[in-house]
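Work through the following exercises with the sequence and the structure open beside you, and try each task before you read its solution.

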Amino acid sequence: MRRPVGRVSRRTAVLAGLLAAAVVAAIVGAVLVTVPTGGRAAPCTARKIASWTPDPRLTHAFARYGDDNSRTDDWTGGDGTHSVRLPDGRTLWLFSDTFLDRIQPPPNPKGQPHSWRAKAAGSGPPGLIRNSVIVSGRSGRPYDTLIRRTPAGPAGYFPDPPRSQGAAGAWRWPVAARVEPRAPGAPGSSVHVLRVLLWNRAPGKGPWLFGEPRTTEVATLSLPGLRLEHVTTVGDRTPAADPAARVLYGTAAVPRGRHTYVFGGDAPTDRPAASAYLARVPTGRLADPRAWRYWDGHGWRTDPERAAPVLRSGGRRGVGSAFTVVRDGGTWVLFTMAAAGGGGRGLATVTSYWSCSARGPWHGPNGAITPPRPPDPAGSAERTAVYNPQVHPEFTDRHGLLLSYDVNTLGPPGTAATGAVNDDVSLYRPRFLRVRLTAG
């Protein structure tokens, strides 16, 4: 943080000047550079967004894959856009709400020059499932969609929670994922599994139009076969009477030393931004609820209800419902939609924070990215929004960090969008940027 910072003899003035310079240098060093102790740990320096450019390669790859009608039970659009690299070199892309079905060439039924989505059989609304997994090679280009095929038709790869859990119509959205050794406490093991963090949500109204938050779960998948073995609840917050107080973890999961640091957020209804929270889990034990520890502002606790924000919302500060965290050298960097979003800016602008520790303090917001987005649908009261920025470290290179963002249309406040995402399929597909960071 920056703070605003007679006559004397010449010698006294020089000494005073030297002392002032030393104090300023100490303050700047304390703010901008913190060198972690021990070994060859990289120094922590302030980070800000230096520049960004669209990265069309993967944007076009997903558009081509979505438009391919060789199958009508695969991905044609979705949001969420988390990724994880598997030991055999494949990359998985984890999507939340996912559209299937057939893509038709323009013009659409409204006479607009857009490719559009239609039911494969030619009637009825296009198919929407709650999640999917896309498989790609090391390049990231998608080539297969993993879903479940049931007697009732295609369904999400991660099945809905059972009714015995107490919420009819609940579903699961996959978020961050990590490859872990199958045997806890054996980081060097050659046998691995994939842990996928899930958000358990239920139908809601008003502020919960897009789902009332319930709790966090962890799915365990075999490798290399990707067979779903089991789903475990961690940090259960369903007893909390107010859904706004239920923190869902997994928007980011960052390995550091012998732990994975798992970030999450609450869902306030009285302010435009959420607060960020933090849990820590020993490597290999994401699926063990007893191993989770939650930061309470002073230490790590076993009780998730004692968790305290590491980045509290208020004023210009705060995080979106989904954000991302990555390590850049010795610095932790967080990307989120801007909290100070008057006039819809919070659904158009990405900003960043930095810290020398996962638990903060987080400095920012710093910089702004206003990514390209399609125009508002013609003749519609809806507006086009961008959201859910996610960094994909697997694809970081000399050109910078690869950051994706999702695109959607929103209806008037408190209502769902109409069929615009089916009238123009480009409105519900991920897009990609290259982001460069600099010190300062």
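**Exercise 1: The disulfide**

In this predicted model, C44 and C356 are joined by a disulfide, with an S to S distance of 2.0 Å. Find out how many disulfides a search of the whole structure gives, where the two cysteines lie, and which handedness the bond has.

*Solution.* Begin with the count: a search of the whole structure finds one disulfide, and the pair that forms it is C44 with C356. Next, place the two ends along the chain: C44 belongs to strand β2 (residues 44-45), whereas C356 sits in the loop between β26 and β27, so that the pair links distant parts of the chain, 312 residues apart. Then look at the torsion about the S-S bond, which is about -85°, and therefore the disulfide is left-handed. Finally, compare the accessibility of each end against the cut-offs, where buried means under 20% relative accessible area and exposed means over 50%. C44, at 1%, counts as buried, while C356, at 31%, is partly exposed.

**Exercise 2: A residue in the loop after β26**

Decide whether S357 is buried or exposed, and list the residues it contacts beyond its neighbours within four places in sequence.

*Solution.* First locate S357, which is found in the loop between β26 (350-355) and β27 (363-369). Its relative accessible area is 19%, and because buried means under 20%, S357 is buried. Leaving aside the neighbours within four places in sequence, the contacts of S357 are with W332 and W362.

**Exercise 3: The side chain of D296**

Determine which backbone nitrogens lie at a short listed distance from polar atoms of the D296 side chain, and which residues further along the sequence D296 touches.

*Solution.* Start with the position: D296 lies in the loop between β22 (293-295) and β23 (300-301), and it is buried, with a relative accessible area of 12%. Turn then to its side chain, where a polar atom is 2.9 Å from the backbone nitrogen of H298, and where a polar atom is also 2.8 Å from the backbone nitrogen of G299. Last, not counting residues up to four places away in sequence, D296 touches R301, R306, A307 and A308.

**Exercise 4: An open sheet and a core**

Work out the order of the strands in the five-stranded sheet, and then identify which elements give two or more residues to the largest nonpolar core.

*Solution.* The five strands follow the order β19-β20-β21-β22-β23 in an open sheet, and their pairing is antiparallel. The edge strands are β19 and β23, each of which pairs on one side only. Seven bridges join β19 to β20 (residues 259-265), and within this pairing L248 stands opposite G265 in β20.

Now move to the core, which has 23 residues, and in which L197, V218, Y249, V262 and W292 have the most contacts. Two or more residues each come from β15 (171-181), β16 (192-202), β19 (248-256) and β21 (276-282), and β15 gives the most, with four residues. W292 can serve as a check, since the residues it touches beyond four places in sequence include L197, V218, Y249 and V262.

**Exercise 5: Aromatic pairs around F95**

Describe the geometry of the pairs that F95 forms with F62 and with W75.

*Solution.* F62 and F95 are edge-to-face, at 5.9 Å centre to centre with 65° between the planes. W75 and F95 are tilted, at 5.2 Å and 50°, and both of these residues are buried. All three belong to one aromatic cluster, formed by F62, Y65, W75, W93, F95, F395 and F432.

Methods
Residues are numbered from 1 along each chain as its sequence is written. This is a predicted model: local features need pLDDT of at least 70, side-chain atom pairs count only at pLDDT 80 or more; totals for chains, interfaces and linings use all residues. Side-chain values use heavy atoms; hydrogens and water are left out. A nonpolar core is a set of buried Ala, Val, Leu, Ile, Met, Phe, Trp, Tyr and Cys residues joined through side-chain atoms within 4.5 Å. Buried means under 20% relative accessible area, exposed over 50%, partly exposed in between (1.4 Å probe, protein chains only). Contact means heavy atoms within 4.5 Å. A polar contact is a pair of N or O atoms within 3.5 Å; within protein, one must be able to donate a hydrogen and the other to accept it, and residues adjacent in sequence count only if both atoms are side-chain atoms. Two strands pair if DSSP finds at least two bridges between them. A disulfide is a pair of cysteine sulfur atoms within 2.5 Å. Rings of Phe, Tyr and Trp (its six-membered ring) pair if their centres lie within 6.5 Å; planes under 30 degrees apart count as stacked, over 60 as edge-to-face and the rest as tilted.
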